[in-house]
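Here's a quick walk through a structure you may not have met before. Have a look, then follow the questions.

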Amino acid sequence: MRVYLDHNAGSPVRPSARRAISRCLDGERGNPASAHRSGQSARRMLERAREQVAELVGARPETIVFTSGGSESNNLAIFGAARASGSRRRIVSSALEHSSILAPLAALEARGFEVVLLAPDRDGRIDAATAAAAIDDSVALVTLGLVNAEVGVIQSVAPIADAARRARALFHLDAAQAVGRIPVNVQSLGCDLLTMSAHKIGGPSGIGALYAAAEARIAPLILGGPQERGMRAGTPNLPGAAGFGVAAEEVARTLHTESSRAASLADALLESLFAAIPGLELNGPRRDRVPHTLNLTFPGVLGESLMMALDLEGVEVSMGSACAAGAVEPSHVLIAMGRGRAAARSSLRISLGWPTTDEEISFAAATIAQVWRRVAAAEPDAERRDAGVAEAPR
Amino acid sequence: MSARVLVAMSGGVDSSVAAAILRERGYDVVGVAMRLAPEPPAGTGRGKATCCSHDDFEDARRVAERMDFPFYVVDLREDFAARVIGNFVGEYLAGRTPNPCVMCNREIKFDRLRSRARALGADFIATGHYARIEQGVDGRPRLMRARDAAKDQSYFLFATGRDELSRTLFPLGAMTKDEVRARARRLGLRNADKPESQEICFVPDNDYAAFVRRSALSRTPAPGRIVNSDGRELGRHPGVHHFTVGQRRGLGIASGEPLYVREIRAARGEVVVGRKSELNARGLVAGQVNLLDPELAGGRETPVEVKIRYRHPGLPATLRMIDGARAEVRFASEGPAVTPGQACVFYRGDEVLGGGFIAQAIAEAAP
């Protein structure tokens, strides 16, 4: 048995989305920008997808810009806002964010922007008052993740949205991990920009979207055509959009039942693991979190070893991020939360998704407990070994 | 269910072929590439010292995919820094010339990787070393030279524990390098014909002294005197970490006859030089001795062949254990310079009896 529990990295494509992609590929002919009838048909397909995606986040279709995915959406939001920022030279974000936010911010910092990275508390929550205090009329952009990919914490962004509005700063939310897990509505969130990713909700990879409110002034990254309201030139990924649209529609319809199903599966898994593994810790808050994401610190083991051993026994989970060569690095999110390097090195993320079943969770619970015992016995206290260059052991 | 084996894969030809062979023999192979070296500082050559680019493990991945076995990259940089690089730097500061490959085998492959193997439920570990392990009639595994004498790497493996050997596989031990290359070509490996590197993997540009200086910082040896056997100053040197016993070049002293480094007195910052004949040793004392043949323990004198460097052809000698960890080795006739810090390995025929690290030379003839 192989159990895939890494849905925050990407979920399998839903059958409905697969059918939509397939229909699109079978019938696709022409470019949505062309005037002839094939072009018009392609355009209808694209606009239908746009409506479906817009509907999921309570936006008007014309505010949805299709991109190649969450990373591009984040880059477009950040660089786009920076290029249109005028005299405002400050950007507020947090240390918890995805690298597709942190890397553009580092690039802007090198170009003279002042980047303020808010520190979270031990549970990964950004303090709204601290955030609001950092936002004044020198701020061009506030960019935050709505739901954190590593620990699943849901940020309370309403006071931050208010502060951004008062300061007339753009407010961007990275909702790649929120959409499909919790209700997301751009009006009630009060954001100007919002990132979505199709493959996190059972759509295909290679497509995402940025919601950009009509009045939000950002500059495009890709020039060369009028597509996507001039916000992203180039012939759009039509099969991707079709799949994204149908996945969005299905998620909007099933959000409530899927979430409560995920919550009860996750509870069962947690209960079983806590009973089997003394000293196990759940990272992040007890409340204000999405149920799909469990970030756990396993006592006395290296997360890297546990992850590999679990993979060999058929349970696929993740740890931090991977370097170019494929080695895993401890999660920067846990380190930002002050969990310490040793704890971060002993932590794994287990994330559930739309296809996860009871049977898979039972198998995973038993396997994780059994493999943890073996790994802990084989490499005792490996995670606490000192770093750095030691003196010669002679 | 077939036995699970963790194969240490570097991305090079040897370990890739080793993994493929084990897979063909029906083992449940798990390939593991190790991140060991730290990122080199900017401005130094890449050499082999960057172990975290996408391409480095490409051949290993290719074999894993082709032969359908799981493959992972593990991060052992901290262990490597503490146990191998720390030792390497410390040895240079003490005026010795270390062999980090021996240390890496002992501390990383047969310790860290061994416990990782247990964590992954693997009974065996395997590497692409050219050496053999034979089961003796008494059940004791014996470490043997490789069939390909030119490639034999048994020297680097002497520090492996006896019980480790019984859970270790060296699939290339009976193959020649040409056979391995042919096998690699059949497997479609890009690196099948790549020349081998003789450099130390973590030292950029092969510049040991610069590496020691960057690592040791304020502990870097100061410049000092070059003296002859009578203590007369012949010149100055930039720090003892630039020197190796037996070294001739780079002394910067004009002399009628060639001078060689005879001794490094790290505590006094002195490099002692002498004529070649002054360097010849009668024997050596080795420390941290690992005996693979338990018969050698106790104070008995045993005839052995001893290798004092990797490429050394070997000398007949007499071995006597001084205590549990130290051995005295007397060469049958006057031998060459011995370099403290290097490994010396004891053989009987093709069998590795054990080995240790050279602590000091013995200059005078046996009483």
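Q: How many residues of domain 1 of chain A are in contact with domain 2 of chain A, and with how many residues there?
A: This is a predicted model, where local features need pLDDT of at least 70, side-chain atom pairs count only at pLDDT 80 or more, and totals for chains, interfaces and linings use all residues. Residues are numbered from 1 along each chain as its sequence is written, with chains lettered from A and ligands numbered from 1 in the order in which they are written. Being in contact takes C-beta atoms, placed from the backbone, that lie within 7 Å. On that basis, domain 1 of chain A touches domain 2 of chain A with 20 residues, meeting 22 residues.

Q: Which element gives the most to the side of domain 1 of chain A that touches domain 2 of chain A?
A: Helices (H or I, at least four residues) and strands (E, at least two) are DSSP runs, numbered from the N terminus. Those giving two or more residues to that side are α8 (238-276), β10 (293-297) and α10 (332-336) of chain A. With three residues, the top contributor is α10(A).

Q: Where do the two domains of chain A lie along the sequence, and what distance separates their centres?
A: The bounds come from an automatic or database domain assignment. Domain 1 of chain A covers 3-8 + 255-384, and domain 2 covers 15-250. Taken over C-alpha atoms, their centres are separated by 28 Å.

Q: How many helices and strands does chain A have, and what is its radius of gyration?
A: Chain A comes to 12 helices and 14 strands. The globule rule (2.2 Å times the number of residues to the power 0.38, with the radius taken over C-alpha atoms) gives 21 Å for 394 residues, and chain A is close to that, so it is as compact as a globular protein of that length. Its radius of gyration is 22 Å.

Q: What percentage of the residues in chain A is buried?
A: A residue counts as buried if 20 or more other C-beta atoms, placed from the backbone, lie within 10 Å of its own. Of the 394 residues in chain A, the buried share is 53%.

Q: Over which residues of chain B does pLDDT stay under 50?
A: pLDDT is the predictor's confidence in each residue, from 0 to 100. Chain B averages 89, and 94% of its residues score at least 70. The stretch staying under 50 is residues 45-52 of chain B.

Definitions and conventions
A residue is buried if 20 or more other C-beta atoms lie within 10 Å of its own, exposed if 12 or fewer, and partly exposed in between; C-beta atoms are placed from the backbone. Two residues are in contact if their C-beta atoms, placed from the backbone, lie within 7 Å.
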